[in-house]
Amino acid sequence: ESLSPAAKQWWADITSIASDANEGRQTGSAGYMRAADYVIKRMKAEGLKPAGENGFLQQVAFEQQVVDQDASRAMLVNADGTQSPLKVGDALLIRPGGEARPDTVDAPLVFVGYGLGLPKQGYDDFAGLDLKGKIAVVISGGPDNISAPIKSDARANRESELAKLGAVGVITLTTPHQVEIVWSRQRLISHQAGMYLADSKFHTVPAGFFTASADPEQSEAFFAGSGHSFAEV
């Protein structure tokens, strides 16, 4: 079937904005501005009116954050007191961006399933849990009987919901079949800078909220002594 004019325009827009010529569109870069110029051209063509401080553009302050993965350390302390090191930059990646990460964090871990709070849909992983002062450990995915957009929205708001419940961080475990970016690639990405809006009123969690993700091939360590395995869960 032939594409409609709207579909052709949509594909042309995506192709231009996502082009390698824009070099990843990092915030403030020349490639970002090339993509922004294209969007402005299309907005004008659609008859939209500008609402920025400078036409369609508005100056916004960001803070840039880099996590030195190789200089960072992480240790799992099991219930029996045994310690299992997690190599940061390999088994565990501390994500930059979002807000300032803590210098150190020492907190109990609580497994909270998918980490989705959807009481209106009759599903709430947080119900009955005491998360105050704790790091939530969540696993990728969600219940099959809840629509993908609703689950995606809940995941987007997960950190702010956890912070409201008093949690001090979250560690994400990804099941092998749900890996979208291979771990070797994620290790490289973790060394890049992250950015967040400098104005704290736009932050969704307090400064010092810990955010990390674990290698699927090494996530079994989180279940030691629990009576469960990563593969089972």
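This tour moves from the whole chain to one helix, one loop and one residue after the last strand.

The model is predicted, and local features are reported where pLDDT is at least 70, side-chain atom pairs only at pLDDT 80 or more, whereas totals for chains, interfaces and linings use all residues. Residues are numbered from 1 along each chain as its sequence is written, and side-chain values use heavy atoms, with hydrogens and water left out.

**The whole chain**

Begin by selecting the entire protein chain, whose C-alpha trace spans about 65 × 40 × 35 Å along its principal axes. The protein chain has 5 helices and 11 strands, taken as DSSP runs (H or I of at least four residues for helices, E of at least two for strands) and numbered from the N terminus. Of its 233 residues, 33% count as buried, a term that here means under 20% relative accessible area, with exposed meaning over 50% and partly exposed lying in between (1.4 Å probe, protein chains only). If you display contacts (heavy atoms within 4.5 Å), then among those between residues at least 6 apart in sequence, 72% join residues at least 24 apart.

Colouring by charge shows 21 positive and 28 negative side chains, and the centres of the two sets lie 7 Å apart. In that count Lys and Arg are positive and Asp and Glu negative, while His and the chain ends are not counted, and each charge is placed at NZ of Lys, CZ of Arg, CG of Asp or CD of Glu.

**Helix α2**

Next select residues 30–45, which form helix α2; its 16 residues reach 23 Å from the first C-alpha to the last, close to the expected 22 Å, the expected span being 1.5 Å times one less than the number of residues. Show the side chains of Y38, I40 and R42, which are among the buried residues of α2, and then add α1 (5–17), which is included in what covers the buried residues of α2. Just after α2, G47 takes a positive phi of about 85°.

**The loop holding S72**

Move on to S72, in the loop between β1 (62–65) and β2 (74–77). A polar atom of the S72 side chain lies 2.7 Å from the backbone oxygen of D68. Leaving aside residues up to four places away in sequence, S72 touches V67, V88 and I94.

**A224**

Finally, select A224, in the segment after β11 (210–214). Is A224 buried, partly exposed or exposed? A224 counts as partly exposed because its relative accessibility is 42%. Adding N78 to the selection shows two C-alpha atoms separated by 7.2 Å, although A224 and N78 are 146 residues apart along the chain.

Terms used: Polar contact = N/O pair within 3.5 Å; in protein donor to acceptor, adjacent residues only side chain to side chain.
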